[in-house]
Amino acid sequence: MREFAEWLQGTPVSVMIQSIKWIIPLLQSIHIVTIGIVFISSLMIALRVLGRVRADEPFNDVWRRFAPWMWSGLVVMAVTGLILVLGEPIREFTALSFWIKMTLLAIAIVSTMAFGHSLRGTTLAARPEFSAGAKTVAIANIAIWLAIIFLGRAIAYDIEVWGSLSLHA
Amino acid sequence: MNVASVVQSIEASGLAEWMRSNVKAMPIVEAIHVLCAVTVFGTILIVDLRLLGFPNLRRAFTRISDELLRLTWGAFVISVITGVIMFAPNANTYYGNWPFRLKMVALLGAGVNMAIFQFITLRSVATWDKDSRAPAAARAAGAASLLIWLTVIFLARWIGFTKGYNFAPAEDVNFSFE
């Protein structure tokens with residue numbers, strides 16, 4: 001992995017990203033803005049399942065309001081994230097936080113898709129209260145997003161956070 | 001007592017010393033800061049967009065804002081606390097850093113914009129709360145808030161790239177911070 005990261009860091013596209021000094025701060029800023037959009041959108045969907053926000057609106061309406069923001073935000077996050085990885089492959093690939101973050105991201109995407117698919121169509125009258133299972137998934141989703149954001153910042157501090165477990169070590 | 005000496009004494013404080021001697025503390029505090037900052041931004045975005053009429057005017061403005069206000073304020077308070085903790089160990093560097101100073105000005109701007117909205121514009125909310133377009137002052141407050149908070153996030157990230165790295169990286173670790 002280290003060899004691959006070193007090779008990638010030497011490719012023309014990576015060198016180009018590294019040579020333009022404002023690209024990485026700019027992309028990180030856009031990445032953080034979109035995290036705000038994606039996190040709050042999925043939080044609103046999860047809180048609706050828990051009955052904490054928009055309890056007067058059918059789940060379908062809440063889903064339709066926030067899911068498009070969540071998916072388009074995810075696309076922007078993926079694109080900016082990919083360019084950031086191309087620009088600093090060694091920093092990312094040798095960070096344990098990066099790999100845990102990617103794993104959690106995959107879980108978050110799959111569980112949100114399954115979640116939306118199974119709950120769409122539920123109306124207020126038909127299901128005033130969500131099942132304990134749905135609520136558990138909602139809480140888990142919030143926890144996964146909190147962990148993803150936390151790990152995103154922790155990538156910059158892999159040794160400090162993970163000590164001997166760090167892939168830098 | 002001038003600002004520089006206050007900054008100096010913050011950097012010499014026990015909190016600052018504790019942060020400098022605990023390597024795990026800074027990433028944890030920073031991560032909480034980012035977490036709360038994106039929560040502030042994301043919840044304010046929903047309120048601002050509603051002021052601008054997106055996605056529609058069917059849901060009452062006060063209903064949307066009341067529901068999110070506690071989350072926004074809670075996250076904002078934690079952002080300020082974590083921000084102070086991040087500032088302390090490196091106070092002189094932050095104080096002299098221009099993106100940091102601009103960020104503080106932008107935060108002040110966000111506060112003024114919110115105060116005007118809260119105490120003046122919002123008085124007439126009963127007439128535009130639901131199913132009717134918000135007045136120009138309210139739409140302007142929403143647009144200004146959106147721009148200011150985006151600016152805050154961009155400036156915040158810029159601080160990290162301009163202030164210098166304050167931990168000595170372990171040997172053979174490539175921190176490509178420029």
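Here is a short chat about reading helix packing and a chain contact in a predicted model.

Biologist: Before we look at any packing, what does the model score for ipTM and pTM?

Modeller: This is a predicted model, and it scores ipTM 0.93 and pTM 0.92. For chain B, the average pLDDT is 92, with 92% of the residues at 70 or above.

Biologist: Okay, what is chain B built from, helices or strands?

Modeller: Helices: chain B has 8 of them and 0 strands, so the pattern along its sequence reads α-α-α-α-α-α-α-α. Its C-alpha atoms fill a box of roughly 60 × 40 × 25 Å along the principal axes. Of the 178 residues in chain B, 31% are buried. Take the contacts in chain B with a separation of 6 or more: 82% of them join residues 24 or more positions apart.

Biologist: How do I read a pair of packed helices?

Modeller: You describe the pair by the angle between the two axes and the distance between those axes. Try helix 3 of chain B against helix 4 of chain B, residues 61-87: the angle is about 155 degrees and the axes are 8 Å apart.

Biologist: Why does that make helix 3 of chain B roughly antiparallel to helix 4 of chain B?

Modeller: Because angles over 145 degrees count as roughly antiparallel, and this pair packs at about 155 degrees. The crossing of helix 3 and helix 4 of chain B is left-handed. Their contact divides into 18 nonpolar, 8 polar and 2 charged residues.

Biologist: Now chain A. At roughly what angle do helix 6 and helix 7 of chain A cross?

Modeller: Roughly 150 degrees, with the axes of helix 6 (residues 96-119) and helix 7 (residues 132-154) coming within 9 Å. That angle makes helix 6 of chain A roughly antiparallel to helix 7 of chain A, and their crossing is left-handed. Helix 6 of chain A brings residues including A:L104, A:A108 and A:F115 to the contact, while helix 7 of chain A brings A:I144, A:W145 and A:I148, among others. By class, this contact has 15 nonpolar, 5 polar and 1 charged residues.

Biologist: And between the chains, how many residues does the contact take from each?

Modeller: Chain B gives 27 residues and chain A gives 26. On the chain B side, helix 3 (25-51) and helix 8 (136-162) each supply at least two residues. The largest share of that side, 12 residues, comes from helix 3 of chain B. Sorted by class, the chain B side has 17 nonpolar, 5 polar and 5 charged residues.

Note on methods: Residues are numbered from 1 along each chain as its sequence is written. Chains are lettered from A and ligands numbered from 1 in the order in which they are written. This is a predicted model: local features need pLDDT of at least 70, side-chain atom pairs count only at pLDDT 80 or more; totals for chains, interfaces and linings use all residues. pLDDT is the predictor's confidence in each residue, from 0 to 100. Two residues are in contact if their C-beta atoms, placed from the backbone, lie within 7 Å. Helices (H or I, at least four residues) and strands (E, at least two) are DSSP runs, numbered from the N terminus. Ala, Val, Leu, Ile, Met, Phe, Trp, Tyr, Cys and Pro count as nonpolar, Asp, Glu, Lys and Arg as charged, and the others, Gly among them, as polar. Axes are lines fitted to C-alpha atoms, for helices over the stretch in contact, and angles run from 0 to 180 degrees between N-to-C directions. A crossing is left-handed if the near helix is turned anticlockwise from the far one by less than a right angle, and right-handed if clockwise. Angles under 35 degrees count as roughly parallel, over 145 as roughly antiparallel, 65 to 115 as roughly perpendicular and the rest as oblique. A residue is buried if 20 or more other C-beta atoms lie within 10 Å of its own, exposed if 12 or fewer, and partly exposed in between; C-beta atoms are placed from the backbone.
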